[in-house]
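Open the model in your viewer and have the selection tool ready. This tour goes stop by stop, saying what to select and what is there.

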Amino acid sequence: MSEGFIDKYQGILALQGDATDEMILQEAQIGNAKAVIIALSDDADNVYATLTIRQLNQQAKIIARASNETTIKKLKIAGADEVILPNLLGGRKMAGQITK
């Protein structure tokens, strides 16, 4: 493996490397994955990785991260099954703590 390494933790394979690099994804055997979590810091990279992974594996459940609500539609079009906005969820959780 040229850039990353595969680690197994509690039965889950994790790859460290550039998730936008199709060669890395193929080395990770993404085509055999049952589910994929895409949580890069840049929304454009998440869209690109989602599109690439969906092309390599039409069956996997893809859960993708977004920073902006405007990215949700793009990720869905690219093939994400679920989109999570951690900043929004965190903000709601903190607001809930204030209102208790």
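The stops below start with the whole chain and then go through strands, helices and single residues.

**Whole chain**

Keep in mind that this model is predicted. Colour by secondary structure. The chain has four helices and five strands. Follow the sequence, and the pattern reads β-β-α-β-α-β-α-β-α. Now colour by burial: of the 100 residues, 27% count as buried. Contacts come next. Among those between residues at least 6 apart in sequence, 41% join residues at least 24 apart.

**Strands β3, β4 and β5**

Select residues 35-38, which form β3. Add β4, residues 61-65. β3 and β4 run parallel, joined by four bridges. To check the register, pick Ala 35 and find Lys 61 of β4 opposite. Show α2, residues 43-56, as well. Together β3, α2 and β4 form a right-handed β-α-β unit.

Now add β5, residues 82-84. β5 is parallel to β4, and three bridges join the two. Which residue of β5 is the bridge partner of Ile 63? Select Glu 82: that is the partner. Trace the chain from β4 through α3 to β5, and you follow another β-α-β crossover, which is right-handed.

**Helix α3**

Select residues 71-78, helix α3. Show the side chains of Thr 71, Leu 75 and Ala 78, which are buried. Look down the axis of α3: the buried residues fall within an arc of 60°, so they line one face of the helix. The spacing fits a general rule: an α-helix has 3.6 residues a turn, so residues three or four places apart point the same way.

What do the buried residues of α3 pack against? Turn on the neighbours, and you find α2, β4 and β5. Then rotate to the face turned away from the buried side. Lys 73 and Ile 77 are there, both exposed. Step past the end of α3 to Gly 79, where phi is positive, near 125°.

**Arg 65**

Return to β4 and select Arg 65. Arg 65 is buried but has no salt bridge. Which side chain of opposite charge is nearest to Arg 65? Asp 43 is, at 4.5 Å; a salt bridge here needs nitrogen and oxygen within 4 Å. Show the contacts of Arg 65, leaving out residues up to four places away in sequence. Among them are Ile 38, Asp 43, Asn 46, Leu 75 and Pro 86.

**The salt bridge**

How many salt bridges does the count give? It comes to one. Select Arg 54 and Asp 81, whose side chains meet at 3.1 Å, N to O. Arg 54 belongs to α2 and Asp 81 to the loop between α3 and β5, so the pair ties together parts that are 27 residues apart in sequence. Compare the burial of the partners. Arg 54 counts as buried, at 15% relative accessibility. Asp 81 is partly exposed, with a relative accessible area of 33%.

**Last stop: Gln 29**

Select the loop between α1, residues 22-27, and β3; Gln 29 is in this loop. Check its backbone: Gln 29 is not a glycine, yet phi is positive, about 60°. Is Gln 29 buried or exposed? Turn on the surface: Gln 29 is exposed, with a relative accessible area of 52%.

Definitions and conventions: Residues numbered from 1 in each chain as written. Predicted model: local features only at pLDDT ≥ 70, side-chain atom pairs only at ≥ 80, totals over all residues. Heavy atoms only, no water. Buried < 20%, exposed > 50% of the residue type's maximum accessible area, 1.4 Å probe, protein only. Arc of directions from axis to C-beta. Contact = heavy atoms within 4.5 Å. Lys, Arg positive; Asp, Glu negative; His and termini not counted. Pairing = 2+ DSSP bridges. Right-handed = clockwise from strand over helix to strand, strands pointing away.
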